[in-house]
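Here are a few exercises to work through with the viewer open. Try each one yourself before you read the solution.

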Amino acid sequence: HPTKPCTCTPSAIDRYLKKISGPLLDRISLQVEVMPVSYDDLHTQKGGECSADILKRVVAARSLQQTRYAALGITSNAQLSPSQIRKYCRLNGQSQALLQNAFTKLGLSARAHDHILRVARTIADLEATEQIETAHLAEAIQYRSLDRKFGFNQ
């Protein structure tokens with residue numbers, strides 16, 4: 001919790017985390033830690049992106065993926081095999097360095113590496129960008145929050 005101190009002992013935290021096996025968690029593409037919402041945030045009229053606009057981007061990205069992979073017999077980035085990932089999720093030098101750094105520092109598995117590339121490809125598709133940019137990759141790495149926080153893949 002961001003404002004309340006944790007009262008759990010380190011051994012209690014470790015016991016809880018062991019309930020989720022590393023290999024199982026490694027199969028989850030998006031690992032996002034969700035913080036509690038404050039009362040004030042619930043009652044402000046902050047304008048975010050409307051659902052209709054998000055839907056348009058998602059439909060466009062799905063259409064782009066279906067067209068891109070039509071000859072392969074797949075319809076989405078989630079279905080890419082490791083060899084297809086190498087073909088459709090190419091990175092520039094700066095992005096390669098970022099991914100290598102994350103892979104090494106977070107102790108990522110090959111499966112987590114491929115999840116990150118698939119998610120980065122999807123983020124690029126949502127922005128209608130053919131090339132995966134460093135910002136897309138950085139965002140995809142951020143979605144491996146439990147790897148970062150607890151080192152599940154180490």
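**Exercise 1.** Find the residues that Q65 contacts beyond its neighbours within four places in sequence, then decide whether Q65 is buried or exposed.

*Solution.* Keep in mind that you're working on a predicted model.
- Step 1: place the residue. Q65 is part of helix α4.
- Step 2: skip the neighbours within four places in sequence and list what Q65 touches: T75, S76, N77, T122 and D125.
- Step 3: check the exposure. The relative accessibility of Q65 is 4%, and the cut-off for buried is under 20%, so Q65 counts as buried.

**Exercise 2.** Describe the second largest pocket: its volume, its lining and the elements that supply it.

*Solution.*
- Step 1: get the volume, which is about 210 Å³ for the second largest pocket.
- Step 2: look at the lining. There are 13 lining residues, and Q65, S76, N77, A78 and T122 are the closest to the pocket's centre. Q65 is back again, and S76, N77 and T122 are among its contacts from the previous exercise.
- Step 3: assign elements. Two or more lining residues come from each of α4 (51–68) and α7 (110–126). The largest share belongs to α7, with five residues.
- Step 4: sort by class. The lining of this pocket splits into five nonpolar, six polar and two charged residues.

**Exercise 3.** Work out how many disulfides the chain has, and why C6 and C8 don't form one.

*Solution.*
- Step 1: recall the chemistry. A disulfide covalently bonds the sulfur atoms of two cysteines.
- Step 2: take the closest partner of C6. The nearest cysteine sulfur to that of C6 sits in C8, 3.8 Å away. The cut-off is 2.5 Å, so this pair is too far apart for a bond.
- Step 3: count. The chain ends up with zero disulfides.
- Step 4: compare exposure. C6 is exposed at 55% relative accessible area, while C50 is partly exposed at 37%.

**Exercise 4.** Summarise the whole chain: its secondary structure, extent, surface and contacts.

*Solution.*
- Step 1: count elements. You get nine helices and zero strands, so to speak an α-α-α-α-α-α-α-α-α pattern along the sequence.
- Step 2: take the extent. The C-alpha trace spans about 55 × 40 × 30 Å along its principal axes.
- Step 3: look at the surface. The accessible surface is about 10,200 Å², and carbon and sulfur atoms hold 58% of that. Of the 154 residues, 32% are buried.
- Step 4: check contact range. Among contacts with a separation of 6 or more, 65% link residues 24 or more positions apart.

Note on methods:
Residues are numbered from 1 along each chain as its sequence is written. This is a predicted model: local features need pLDDT of at least 70, side-chain atom pairs count only at pLDDT 80 or more; totals for chains, interfaces and linings use all residues. Side-chain values use heavy atoms; hydrogens and water are left out. On a 1 Å grid over the protein atoms alone, a cavity is a set of points where a 1.4 Å probe fits but cannot get out, and a pocket is an open set with protein on both sides within 12 Å along at least five of seven lines; lining residues have an atom within 4 Å of a point. Grid points are joined across faces, edges and corners, and a volume is the space filled by probe spheres set on the points. Helices (H or I, at least four residues) and strands (E, at least two) are DSSP runs, numbered from the N terminus. Ala, Val, Leu, Ile, Met, Phe, Trp, Tyr, Cys and Pro count as nonpolar, Asp, Glu, Lys and Arg as charged, and the others, Gly among them, as polar. Buried means under 20% relative accessible area, exposed over 50%, partly exposed in between (1.4 Å probe, protein chains only). Contact means heavy atoms within 4.5 Å. Accessible areas come from the Shrake-Rupley method with a 1.4 Å probe; for residues, only the protein chains shown count as cover.
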